[in-house]
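Me: I would like to go through this structure and ask what the descriptive terms rest on. Please set each value against its cut-off.

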Amino acid sequence: MPGDEREGQGRRLLGLAVEASSNGIVLTDATRYDNPIIYVNPAFERITGYPASEVLGRNCRFLRDPQEAQPTLDLLRAAVEEGREWTGILRNYRKNGTPFWNELHLAPVRDAEGRLTNYIGIQEDVTARKEAEEALKESEERYEVAIRGSNDGIWDWDLTTDEVHYSPRWKEMLGYEDHELESGFDSWRDRIHPEDRERVMATMRGYLEGRTDHYELEHRLLHRDGSYRWILTRGASVRGADGAPYRLAGSHTDVTGRKELEERLEHRAFHDGLTGLPNRALFTERLEHALARAGRRENPVAVLFLDLDGFKEINDELGHEAGDRVLVEVARRLKENARPGDTVARLGGDEFTVLLEDTQGAEDAARVAERISGKLSPPIRLEGVEVSVSASIGVALGDPARVRPQDLVREADNAMYRSKGRGKGLYEVHGTGKSAPLRPTAPGSSAIGTAAAEDPAGCTSGGASACAPSSQRSGTPPARGRTAGSKGFENGSCSRCETLPEKLAGPGRLYLWLPLDHTMTKAYHHLRAEGWTVESARDYSVVVRLDDGRLTDLVSSLSAVLSGQEAEDTRALFKPGGDGLTVSDIPRAQPLNRLSSLGNSDWLLDMLSEGRLTSFFQPIVSVGAPHEIFAQECLLRGIDEEGGLVTPGRIFGAAKNSRMLFQTDLAARRTAIREATLHGVTSNLFINFTPAAVYDPVFCLRSTVEAVREAGLSPERIVFEVTETEEAKDVDHLKNIAAFYREKGFRVALDDVGSGYSSLNMIHRLRPDFIKLDMQLVRGVDQDPYKALVAGKVLEMARGLDVETIVEGVETEGELAWAREKGATFAQGYLFSKPMSPPLRTLSTAR
Ligand SMILES: Cc1cc2nc3c(=O)[nH]c(=O)nc-3n(C[C@H](O)[C@H](O)[C@H](O)COP(=O)(O)O)c2cc1C
């Protein structure tokens with residue numbers, strides 16, 4: 001083919017190629033003004049929507065919006081002006097107004113002399129790519145912001161190389177700087193809590209192997225400071241064409257705060273807030289599990305139900321805070337002495353339970369009850385005051401085939417009630433009839449409490465406290481032992497109240513009279529086996545010779561083998577020295593368990609005989625003018641050998657157990673008078689007394705009256721407080737006592753009104769000068785419409801009867817405001833002052 005022809009052919013082909021190109025192609029004439037278009041190919045027409053006829057002779061700028069500033073334009077202009085090549089992306093508009101991204105490549109064409117003649121422009125519509133890039137950028141930015149905002153750490157694990165990238169925040173969560181942790185898998189794995197590691201790895205394997213759809217779990221990671229942080233980790237994998245993952249990436253969120261809150265909430269839901277012990281819900285759950293497990297084992301499950309004896313009195317006398325501290329201490333002792341695996345719980349109030357998961361039977365459970373009780377008996381010291389607690393315990397054993405958890409708790413509860421009915425500090429095993437006194441407890445094991453339940457007839461039963469004349473001055477301690485003289489009834493007082501029993505000490509003989517053959521045999525063999533010197537054993541009686549100080553041990557040892565009833569029915573008499581028994585000794589014989597109480601109350605005997613009693617004073621104020629002290633209530637305190645204070649509850653508890661109520665109550669009254677005189681109290685005085693400790697007012701109270709007279713106090717300043725009682729015969733007794741006091745010019749207050757059932761009855765029968773509204777009814781009365789109604793009615797009634805009222809236990813301004821509104825006359829409580837010695841003379845007027 002000739003050269004020209006070949007050239008023509010080439011041009012034609014070139015023209016066809018240009019026509020067929022999917023890129024828009026523009027030719028301009030650079031020699032003419034404004035660089036007009038001289039050719040556009042079909043792709044140009046397609047992309048822009050303009051036919052060639054409409055664009056030829058125009059400059060290409062018409063494709064742009066002239067108002068729109070574009071960063072690349074300056075570069076384009078400069079290139080065109082200088083005749084250079086240029087590539088860049090421009091935003092252009094089609095004929096129909098829709099925008100598109102135009103990637104433009106401009107190439108200058110020069111003639112043989114190098115002069116610019118033309119420009120070739122090649123366009124590519126890159127809208128789709130540009131939008132995808134924009135979208136990606138936007139989503140990346142959003143992701144960035146989200147991660148920064150969420151405070152999450154990011155990890156990205158390349159499964160092919162085992163390299164893991166940890167974001168700076170990931171490391172910061174664990175206390176490290178960005179450069180401090182290696183980018184390896186181990187940096188993470190080695191920090192997982194050992195207890196969580198297996199679970200985490202299993203979850204991850206499950207996800208990577210395609211068995212689970214999600215990789216998400218919570219686990220603990222070790223922080224640099226040695227603590228563990230709870231981390232929520234979430235991840236997703238990227239899989240290859242074969243479905244196998246090659247990358248796993250995700251986030252870490254520190255959820256420690258939430259986890260701790262959850263743990264606290266869960267703990268709170270299942271534990272008692274005060275003692276931290278499991279609550280009823282958790283106890284029941286554990287019991288359910290224990291019963292289920294026991295079903296597969298031989299050994300039964302046992303539940304011990306404990307209820308503290310006299311806890312209410314601790315609360316009433318020392319306040320709720322003290323009561324709470326006692327509960328905390330009881331909880332601590334129970335927990336400390338429980339076996340590993342057993343559950344100690346507080347069901348509420350002063351009720352505790354112990355779950356014994358693996359007992360050997362009733363005997364074993366009873367032994368635990370005894371051990372626990374023994375651990376409760378040492379006194380609890382509260383800011384200088386000592387209180388002792390004991391518990392009544394019911395034991396129930398679970399046969400898993402028969403029993404439901406709630407049945408077992410109920411059975412233990414019932415057994416506890418039965419044991420409480422028999423006395424304090426005892427236990428009973430449900431369904432076995434087995435009941436026994438617990439190990440001899442510390443003195444005053446009946447906690448703080450008044451001894452009002454003591455039978456006044458006890459005064460006549462003889463024994464070591466039999467009547468004898470006395471010449472005691474008011475406030476001086478009663479004499480110890482029987483007073484042989486015959487001075488008669490000086491001051492007309494009852495010497496029973498004046499004379500203390502002898503201390504069960506020194507060498508001597510213990511005489512025992514046992515109720516049954518069986519009891520006799522048991523006691524005899526036990527004494528022999530334990531090495532006691534049994535001098536004789538016949539006709540249901542045993543005589544044991546004793547060295548000094550061993551009596552208490554002997555009584556404890558015997559009590560442990562006899563049942564509660566046997567110990568009650570066994571009569572015992574200790575004869576000090578070497579003399580044999582005479583007929584006059586016989587009335588001194590008493591139940592064995594009483595002897596043991598007496599032995600345990602040596603401290604009280606010493607306290608009374610050494611006159612180690614004092615009185616605290618709590619002001620009673622006028623409701624209308626709460627800084628004015630109307631009266632002081634005298635509150636008994638004992639002083640132990642180390643100078644610490646002993647509560648009245650413990651004193652009266654021991655007094656009642658050891659039958660020294662008469663002497664103790666007299667000493668208490670005298671102490672109040674003595675201390676008030678000593679401190680020069682000028683206000684009225686409220687003095688407590690125990691009606692049960694007064695056998696005959698004429699005899700028993702004369703000494704009190706005498707003490708008042710000797711102290712130079714005028715009787716109308718003194719108000720004797722009595723507690724209401726439900727027993728009709730006691731009411732009569734009380735009436736006589738009140739009448740006696742009134743006749744002598746004293747006034748009478750009825751205490752704790754609202755705490756029992758017979759207040760109304762008592763008010764009209766006793767006609768007191770004051771009634772004291774019980775603190776239980778007053779506490780929170782301004783917040784409790786029910787209490788407010790009941791308490792309000794009592795006050796209203798008292799006003800109608802012209803009886804003055806004292807609202808006890810006022811602790812808040814709200815309670816005081818309520819008392820004022822309801823027209824109460826006087827108030828008493830921690831809001832004004834706690835019991836003090838010496839007594840407060842004035843109160844703050846700040847209120
Ligand atoms: C061959 C050629 C093709 C061009 N194609 C386009 C185009 O497709 N879109 C566009 O906005 N500008 C295009 N231009 C740029 C404009 O024609 C013009 O040079 C630019 O807008 C600068 O001039 P101005 O500042 O007067 O607008 C092209 C320029 C040449 C030389």
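Me: What makes β22-β23-β21-β24-β25 an open sheet with edges?
Reply: This is a predicted model, and in it the five strands β22-β23-β21-β24-β25, in that order, form an open sheet with antiparallel pairing. β22 (533–538) and β25 (590–591) each have a single partner strand, so one side of each has no neighbour in the sheet, and these two are the edges.

Me: How do you know that β21 and β24 are paired?
Reply: Two strands pair if there are at least two bridges between them. Strand β21 (residues 508–513) and strand β24 (residues 571–576) are joined by six bridges and run antiparallel. As an example, Gly 508 has Pro 576 of β24 as its bridge partner.

Me: What about β23 and its pairing with β21 and with β22?
Reply: β21 and β23 pair in the antiparallel sense over six bridges, and Leu 510 stands opposite Val 544 in β23. β22 and β23 pair in the antiparallel sense over five bridges, with Ser 536 matched to Val 543 of β23. Two bridges are enough for a pair, so both count. The hairpin of β22 and β23 has two residues between the strands, and Asp 539 there takes a positive phi near 45 degrees.

Me: Why is β23 called mostly covered?
Reply: Buried means under 20% relative accessible area. In β23, five of its six residues are buried.

Me: Which sheet has the order β7-β6-β10-β9-β8, and what makes β7 and β8 its edges?
Reply: That order belongs to an open sheet of five strands with antiparallel pairing. β7 (163–166) and β8 (215–222) each have a single partner strand, so each lacks a neighbour on one side. From one strand to the next, the twist averages 25 degrees.

Me: How do you know that β6 and β7 are paired?
Reply: At least two bridges are needed, and four bridges join strand β6 (residues 153–158) to β7, the two running antiparallel. One of the partners in β7 is Glu 163, which is matched to Asp 158. On another part of the sheet, helix α9 (residues 256–270) lies across β8, β9 (228–239) and β10 (245–254), at about 125 degrees to β9.

Me: Why is α20 called roughly perpendicular to α21?
Reply: Helix α20 (residues 602–609) and helix α21 (residues 648–657) pack at an angle of about 110 degrees, with axes 9 Å apart. The range for roughly perpendicular is 65 to 115 degrees, so α20 is roughly perpendicular to α21. Trp 603, Leu 604 and Met 607 of α20 make the contact with Arg 650, Ile 651, Ala 654 and Ala 655 of α21. These residues divide into six nonpolar, no polar and one charged.

Me: Why are α21 and α22 described as roughly antiparallel?
Reply: The axes of α21 and helix α22 (residues 661–678) cross at roughly 150 degrees and come within 8 Å. Angles over 145 degrees count as roughly antiparallel, and therefore the two helices are roughly antiparallel to each other. Here Ile 651, Phe 652, Ala 655 and Lys 656 in α21 meet Leu 661, Thr 664, Asp 665 and Ala 668 in α22. The division is five nonpolar, one polar and two charged.

Me: What makes a set of residues a nonpolar core, and which residues touch the most other members in the largest one?
Reply: Its members are buried nonpolar residues joined through side-chain atoms within 4.5 Å. The largest such core has 53 residues, and Leu 685, Ile 718, Tyr 741, Leu 750, Ile 771, Val 810 and Phe 832 touch the most other members. Helix α25 (residues 728–743) gives the largest share, six residues. A second, separate core has 37 residues, including Leu 306, Ile 314, Val 344 and Val 368.

Me: Is Asn 35 buried or exposed?
Reply: Asn 35 has 15% relative accessibility, and the cut-off for buried is under 20%, so Asn 35 counts as buried. Asn 35 lies in the loop between β1 (24–29) and β2 (37–40). Its phi is positive, about 55 degrees, although Asn 35 is not a glycine.

Me: Is Asp 802 buried or exposed?
Reply: Exposed means over 50%, and Asp 802 has a relative accessible area of 71%, so Asp 802 is exposed. Asp 802 sits in the loop between α28 (785–801) and β33 (804–807).

Conventions:
Residues are numbered from 1 along each chain as its sequence is written. This is a predicted model: local features need pLDDT of at least 70, side-chain atom pairs count only at pLDDT 80 or more; totals for chains, interfaces and linings use all residues. Side-chain values use heavy atoms; hydrogens and water are left out. Axes are lines fitted to C-alpha atoms, for helices over the stretch in contact, and angles run from 0 to 180 degrees between N-to-C directions. Angles under 35 degrees count as roughly parallel, over 145 as roughly antiparallel, 65 to 115 as roughly perpendicular and the rest as oblique. Contact means heavy atoms within 4.5 Å. Ala, Val, Leu, Ile, Met, Phe, Trp, Tyr, Cys and Pro count as nonpolar, Asp, Glu, Lys and Arg as charged, and the others, Gly among them, as polar. Buried means under 20% relative accessible area, exposed over 50%, partly exposed in between (1.4 Å probe, protein chains only).
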